Structure formats: C-alpha cells, structure tokens
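Here's a quick walk through one chain, with an eye on its rings, one helix and a bit of its surface. Keep the viewer open as you read.

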Amino acid sequence: MTTTLALRLLAACALAFALASIVAPALLARLRILKFGQRAYEDAPQTHQKKTGTPTMGGLLFLAAPLVAICFVHDRIAWGFVVLIFGMAAIGFADDYLAIKRGRNLGLRGPLKFALTGIVGAGFLALVATPEALAHGIFPFAHPPLWAWWALSLLVVLATSHAVNLTDGLDGLAGGTALPALLALLCITLVRGDASSAAPYVEAALAGAVAAFLRYNRHPARVFMGDTGSLALGGAIAGAAIVSGSHLLLPLIGGVFAAEALSVIVQVASYKTTKRRVFRMSPLHHHFELGGWPETKVTARFTAAAIVLGVAGLTIAVLANG
C-alpha cells in the first residue's frame, strides 16, 4: 500500500467520523423531539426495561460512509454500496418506525423483512458482479461457477445483515464487534489488490462513522442504532466480504455475529423439539447477562473476541494470497 493510498483512506475515515460527529447531536435532538424512542423487548432481561425511551435510528449516521466514499472513487462498486447501505437502512427504518408507532417491538413481519433484504442484496450483486470481482473467486476456490457466486453471495448478505441485527442488543455491542471485522476486511481488500476500487474507501469511511456512533452508543447509551443501523451495518460487512472474495472467511471474521445467530437457531430448534432451552436466553449475549455478567463485561469480552477473530481471518487471507 502506497503512502498516498494510506493517506486517502485515512482521509475517508476521518471525514466520515467528522461528518457523523457533526450530524449526531442534531440527529439525537430531532429523534427526541419526534419521540422516536426504543421500547425494550418484553422478553429481555429486566435490567433492559430502563432503556425504554432511549432514541433509536442512530444508524442513520452510517449513511455518511458511502457518500464519503464516492467523493474519492465513484465506480460501480461505490454505487453498489450506496444501494446496499441505503436500501438496508430504509428497510430497518420502516421496521423501527412501525415498532415505535405500535408501541411495542412489532415492526415488519419476518418473512417480508427477509424478502426485502434479499431484493436489496440482489440489487447490490447486480452492480458489483464485475469481471474483476468475479476473478477473485470464492476462497479457497479460484473460479467458481457464476451461479455459485450469486447463490453464496446472496446467502452472505442475508445471513450477515440479520446476524448483526440479532447482535444489536447491548450498549456498544454491535458497533464494537463490527469495527474489527470492517478493519480486517479493509486489509484483506488491499491485500487482494482492490486498492483502485471504491471498496476500501467504503470500509474506511464506515469504520469512521461507526467510531463516531460509538461515542453516543457506549454504556450508558444515549442512542441506539436500531434496525436502521444494524441491517445497514450487516449489509455493508457482507458487501465488503463479497467484493474481496472473502465469502468463506466471513464466518471467522464475523464469528461473534455467527455465534449470536447460531445461538438463536439452536435455542428455537431445541425448544420446539424437546421443550428445553440450551441457553438461559438467546441471542448469546443475554445468556451471559443472565449468568451474572454486567452488560459492560459482555460487550468488552465479545469485542475482544471480535478482534482476535478479525486478526485470525486476516492472517489466513494473507497466507492464502502468498
């Protein structure tokens, strides 16, 4: 990586951080005026009930990332990320808005939400399915069939966006665990020779926007990202993995998200078949909360795990790249 590229990426990160930081106070004030407050899930631990009323939809700050990126590079990949991040945020916004208006955590129906994220994901793939992107292949396979690339890529978008959505349950958790994944994917993108595309700029800018958001989302949170942010963030992480050909590395790099989603699947399957629960509560972070861990400890441990997993994924990518 050249010095010029490094400076440009730092500039994208700093610009997104500054833009999100400038917008954040006004956004929080507006959310309070509109009374767009989160309602704690009825089944969540009782300690979460005091969070009711905290402004949500703070993930709107993440929209700064693709806008900053296209100031540096405006290729098809840049516009693909605009479609992906804005599209996912729009779905999450609709879900958050309906939940607020109904006075309970009941937004878009699950199947509709899943279908809409699939449509947005397909739109993103249509824009980024360039010969250069397809040349990366899917690790460790050099040249997968086109249908396999489409199928696995769409699965990555669906799985990651909803896994990050499930992870967003504690102050600073989703953002804190997303940052290591974003930085690992940024490094992998550069290692695999995508420095000339918009992808690294999107990743750098999103890291800056997430860092700015965490200033307000760390415990005790003054704002939540809501589905507006978690779906957009998950979609962006999936997109970063796709354009760098890191589909099969993502379960490792995003291992925290994978564990959170898997805990829900296991819990539901176990209860439906045996009427027994494997975990005290799912997603996984609630299991540790009910085990006596303070919220801050859960977030810190999960973030540390995300850092280790991100480094492990990057190491494998570097070794595989020769």
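## Aromatic pairs

There are eight aromatic pairs in this structure, which, mind you, is a predicted model. Take Phe-81 and Phe-124: their ring centres sit 5.3 Å apart with 65° between the planes, an edge-to-face arrangement. Since Phe-81 belongs to helix α3 and Phe-124 to helix α4, this pair ties together parts that are 43 residues apart in sequence. Is each ring buried or exposed? Phe-81 comes out at 1% relative accessibility, so it counts as buried, and Phe-124 is buried too, at 0%.

Then there's Trp-149 with Trp-150. Their planes meet at 80° and the ring centres are 6.0 Å apart, so this pair is edge-to-face as well. Trp-149 is buried, with 1% relative accessibility, whereas Trp-150 has 31% and counts as partly exposed. Elsewhere, Phe-36, Phe-93 and Tyr-97 come together as one aromatic cluster.

## Helix α4

How does the span of α4 compare with what its 19 residues should give? At 1.5 Å a residue, the expected figure is 27 Å, and the end C-alpha atoms are indeed 27 Å apart, so the two agree.

Phe-124 has company on the buried list for α4: Lys-113, Thr-117, Gly-118, Val-120, Gly-121, Leu-125 and Val-128 are buried as well. When you look at the spacing in that list, keep the usual helix geometry in mind: with 3.6 residues a turn, residues three or four places apart point the same way.

## The loop before α4

Leu-106 is found in the loop linking α3 (76–102) and α4 (110–128). With 43% relative accessibility, Leu-106 counts as partly exposed, because the partly exposed class runs between 20% and 50%.

What does Leu-106 touch, leaving aside residues up to four places away in sequence? The answer is Leu-98 and Ala-99. Asp-95 is 11 residues from Leu-106 in sequence, and their C-alpha atoms are 7.9 Å apart in space.

## A nonpolar surface patch

Over on the surface, four residues make up a nonpolar patch: Leu-262, Ile-265, Val-266 and Val-278. Together they offer about 340 Å² of accessible area. To find the patch in the viewer, start from helix α11, residues 255–274, where Leu-262 is placed.

Key. Residues are numbered from 1 along each chain as its sequence is written. This is a predicted model: local features need pLDDT of at least 70, side-chain atom pairs count only at pLDDT 80 or more; totals for chains, interfaces and linings use all residues. Side-chain values use heavy atoms; hydrogens and water are left out. Patches are made of residues with over 30% relative accessible area and no salt bridge: like charges are joined within 9 Å, nonpolar side chains (Val, Leu, Ile, Met, Phe, Trp, Tyr) within 5 Å. Accessible areas come from the Shrake-Rupley method with a 1.4 Å probe; for residues, only the protein chains shown count as cover. A salt bridge is a side-chain nitrogen of Lys or Arg within 4 Å of a carboxyl oxygen of Asp or Glu. Helices (H or I, at least four residues) and strands (E, at least two) are DSSP runs, numbered from the N terminus. Buried means under 20% relative accessible area, exposed over 50%, partly exposed in between (1.4 Å probe, protein chains only). Contact means heavy atoms within 4.5 Å. The expected span of a helix is 1.5 Å times one less than its number of residues. Rings of Phe, Tyr and Trp (its six-membered ring) pair if their centres lie within 6.5 Å; planes under 30 degrees apart count as stacked, over 60 as edge-to-face and the rest as tilted.
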